[in-house]
Structure formats: C-alpha cells, structure tokens
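Open the model in your viewer and keep the selection panel at hand. We will go stop by stop.

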Amino acid sequence: MMMIPLNITKTIHDWLYSVMPENAASITEMLLIAIAYLALFAVAGLYLVLLERKVAAWFQLRLGPNRVGPFGLFQTMADALKLLSKELTSTDKTDKFLYNLAPFFVITTSLIALSVFPFSKQFQAFDINIGVFFLIAVSSIGVIGILIGGWSSNNKYAMIGAMRSGVQTISYELSVGLSIITMVLLTGTLQLSEIIEIQRTGGWLIWQGHIPAIIAFMIFMIAGTAETNRAPFDLVEAESELGAGFHTEYSGMKFAYFFLAEFINMFIIASIAVVLFFGGWLSPFGITEGITWFPEVLWFLIKVLIIIFLMMWFRWTFPRLRIDQLLTLEWKYLLPINLVNLVVMAIIIWLNLTF
Amino acid sequence: MSYFSDIYNGIKTLLTGMSVTGKYFIHARKGSLTQQYPDNRETLKMFDRFRGEVVMPHDENNEHRCTGCQKCEIACPNGTIEIIWDRGIDEETGKKKKKIDKHIYHLGMCTMCGLCIEACPTDAIVWAQNYENSVYDRTKLSKVLNQPGSKVKAGIED
Ligand code: SF4
Ligand code: SF4
C-alpha cells in the first residue's frame, strides 16, 4: 500500500503505528485527519459567514447579527442547526440522482483542495510535490457540481445560473492558472511547502517578483473572486434575475452545503494568494522567527483574513457585471495582460532583476 | 490607445468606490443607523416627517380647528375618513352653521398618503409620530379624532 506522508501530528502517528498493523494505522490516521479537517472547516466556514454578515453590516452602517450569543457569535451556528432540522424538499421532475449528488460534489472538492495547504510548518495534511497543479485541477471540479445541480433541478432559473457559472469558471480559470504560473516561474517548484521555504530567505514573493508579481496578484484577486462566484461576479446566483440561481430548488442541509462551499472556496482562494504572494505562515520581516512556541498558524490566518476582508470589500462596493462585460473583462483585458505579464516575469528572472 | 486609458480609468473608479465604502466601514461603529427597537423603546424618538397616524390636535380649551368642510373625506383615496356632521346655531351670529359631530378615522384603511392633511384648509389634522399601532381587534383601529365635547376654535373660518 502506498504511504502518504501525513505529518500533522507526530505523537498520534507514532502511537497509532505502535498499536496497529501498518496499513490499518495508516488508514485510521487518514480518517482521523479527514474528520478533523471536516469539523474544523465546517466551523471555520460558519464563522466566515458570520464575518461576512458583520462586515457587510458595517459597510452599510448597520450593526449586523448581535442577538444570538455575545456579539452574535452563535448566529451562524443557530442558522446551521435550523438548516439541519429542515425538510429536504425537491420538485417532482428533478433528476433525483444528480440532484442529490451535486451538493456533495461541491463541498468535497473544496475540502479536498484544503488538504494541501501548509497552514504552518507541521499543520499540513498532504505535502504533495505538485501542490499548485493539484489545486488548479481540484478547484475546477467544483463547477461540475454547480452545473449538475442547475441541470438536474429542472428549473430554468437554476439552469441559466448553472450555465453562467460554467461560462464564468471556464473563462476565469485561465486567468487564475496563468497568474499562478507567473509565480511558479519565480519559485521553480510546485510544492507548496517549498514555495514557502523559498520566501524565508528572499522575502515574500510579491516583493521578490515586484512589478509582475503585483500585477499577477491583482489579476489573481479579480479572477479568484470570479472563481468563487461572489459579487461583483455573482451572475450565477443573481438574486434580482434568477431567484437564487443554481441552488433555487435546494433546501435544508443541501442548500447549506452550497452555501458553505462558497465560503470555503473563498478561504481557498485567499490561502492560495497567501502562499503564493505573502509568504504563507512566515511572519512579516521574520519577527517571530526565533520564537519556537509561537503558533505560525496565526500568521497564516491573519493574512488569509486580510485577503478575505479585501474580497468582502469588493463584494459590498462593486455592482454586478453583465455577462458580456464579464467576458470582455476576462478575454480582452485579463488574459492579454496576463500573457504579457508572464513574459515580463520570465525576462526579469532571466536578467536577474528579482530581489 | 483607449485600451490602456480604459484600464487606468477602470482601476481609478474602482478605487474611488472602495474608498467611499471604506470610509463607511471605519465609521460604522459610531454612525450605525440601526435602532435596536424593543430595547430602546424608552428613548426611541421618531423623526418629524414620520407618518404614524392622522390626529387632530386640540388646545387647552378643548378646541380643534376642524370646520367640517369634508375636504379630507373627499381627498382620501381609500374612504378612510368619515365625517358625521350636523347643522347647529352659531351663538354669535345666530345663523345656522355646519359643524362636525364625529370625525371618524379608520387607521386600518389608511395608506399614510397624506392627501387629507394636504387638503385640509385649516390645518386641523396633522401627522402623529407614534408607531406602535397594532391591536388585537380591528374595531379598535377606527378612531374618533375630535374629542368629546370639543368645539371649533373661533375665527377659524374667516
Ligand atoms: S393619509 Fe391618505 S389614506 Fe390616510 S386618511 Fe389621509 S388621505 Fe386617507
Ligand atoms: S379635518 Fe380639515 S379638511 Fe377635514 S373636515 Fe376638518 S377642516 Fe375640513
């Protein structure tokens, strides 16, 4: 059996191997970590929803949820419980199999993508040597969930929403991929933990690659926001036009999966940005470099939250794009700029102009 | 060449928008518009232009300004106002004169359009700012606006 290097918890690992045969221990360990990740990110997703609602309120001079628990801290928990207890309805003419499959498709793909992130030196489930490639590949699968969800609902609004999602994701995948490749040119490796090691000595990649890296970051943020189907790119669920878009016919926990997946996807995009541009779990200017007890996860989280805040800022500022504007932005602006940027980055590395 | 100026202008306008919302975000804690209603019931005061219900103010002598001209009744698109009037003898001149018996206002039918208040030539009816108008029985929503025993203020018609 193939051994996958799971290096989160050394002690549990050793203990499991001492009480069980090797294969069983390996499988148990993977299961444990999967459950831990599931629980962790379900809760994290719920708190992201809360954060979004609070931030949205503050942008609109409101207070936001503040009734359930202190400062409304349990609001989204209560919402999740409510959704859990709700009946799972569906219409008569849905394609039952695909209809039930779609939410799991969406949520599992976003959870799979989470497994490769190095949240700190030890806190990484799966240090694969093609990490970046794996991320690009996995993040494209989620759209299939949306597509089959919209198709199987047998509802024209859901269908239009899903088709828009297809158009949007396929277009913007290019920009996400190309801006990531621009950064990979600089690192010379696809392994996420190694990308961070490179930044330990030379400074964060956005500093090492200066101008093309900043352009790549801007493009990545725009395309990443589009990937997660958030405003201003939320044509997929444009409430004023399509009801709720592709998840119009979903209720209860299945709806919650779509909802949670959106927020976990946002977390993923922010994490990719942090790893590729802002040094992952490395502290700024190495200020906590020597302190061994300092949880490096904290730096990762702070950076991710700043980027998520930026995405929320986008959402609550910009109006929704029309579908032709969406495609113009991608194919006429982002893509050419990205290609030129890639060449510029290559030239800069060739001439040794990086910091 | 407009390609690059488009990009420049695009980024500029996006940043302008973000700075506007950013300012709101920073001031959100102080300038929040939310009223935490049942909690601040004692202190909550509605703004002047709020339309709670139509009332008829009376002065200390229990006198109102309504002459019974029925313009409000005609102006109301919903038939919310009903005026029961009578002819009485005016003490000063000894002539017969129209005066109101009951100025009935059905709050349940009112859309708060304000046309009656616009129409009234003597400003006898005004907006009140109360907002807790729910009752358990809809007959309670029909109100007589003139107080019992009240009469029209002298000299209003001139
Ligand atoms: S506010 Fe409008 S609806 Fe209400 S009583 Fe006056 S005219 Fe009628
Ligand atoms: S309230 Fe005004 S408009 Fe209505 S009957 Fe009295 S005076 Fe006339």
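The tour starts at the interface between the chains, then moves to the ligands and ends inside one chain. Keep in mind throughout that this is a predicted model.

**Stop 1: the interface**

Select chain A and chain B together. Here 20 residues of chain A are in contact with 20 residues of chain B. The two chains bury about 1800 Å² between them, and carbon and sulfur atoms give 70% of that area. Which residues of chain A lose the most area to chain B? Pick A:Trp58, A:Leu61 and A:Leu63; together they account for 36% of what the chain A side buries.

**Stop 2: polar links across the interface**

Now show A:Arg67 and B:Asp39 as sticks. Their side chains form a salt bridge, 3.2 Å from N to O. The count of salt bridges between chain A and chain B is one. Polar contacts across this interface come to seven residue pairs, with both residues at pLDDT 80 or more.

Next, colour the helices of chain A. Helix 2 (22-59), helix 12 (297-315) and helix 13 (323-350) each supply at least two residues to the side that touches chain B. By class, that side of chain A holds 15 nonpolar, two polar and three charged residues.

**Stop 3: ligand 1**

Select ligand 1 and expand to its surroundings. There are 14 residues around it. The closest are B:Cys76, B:Cys110, B:Cys113, B:Gly114 and B:Cys116. How does the shell of ligand 1 divide by class? Ten residues are nonpolar, four are polar and none is charged.

**Stop 4: ligand 2**

Move to ligand 2, which is surrounded by 14 residues. B:Cys66, B:Cys69, B:Gln70, B:Cys72 and B:Cys120 are the closest. This shell has eight nonpolar residues, five polar and one charged.

**Stop 5: the domains of chain B**

Colour chain B by domain. The assignment gives domain 1 as 2-34 and domain 2 as 53-152. Place a centroid on the C-alpha atoms of each domain of chain B: the two centres are 50 Å apart.

**Stop 6: a link inside chain A**

Finish with A:Glu52 and A:Arg315. Their side chains meet in a salt bridge at 3.8 Å, N to O. What parts of the chain does this pair link? It links distant parts: A:Glu52 sits in helix 2 of chain A and A:Arg315 in helix 12 of chain A, 263 residues apart. Over all chains, the salt bridges number 13.

Definitions and conventions. Residues numbered from 1 in each chain as written. Chains lettered and ligands numbered in written order. Heavy atoms only, no water. Contact = heavy atoms within 4.5 Å. Buried area = accessible area lost by both parts, 1.4 Å probe. Salt bridge = Lys/Arg side-chain N within 4 Å of Asp/Glu carboxyl O. Polar contact = N/O pair within 3.5 Å; in protein donor to acceptor, adjacent residues only side chain to side chain. Helix = DSSP H or I, 4+ residues; strand = E, 2+ residues; numbered from the N terminus. Nonpolar A, V, L, I, M, F, W, Y, C, P; charged D, E, K, R; others polar. Near = heavy atom within 4 Å. Domains from an automatic or database assignment.
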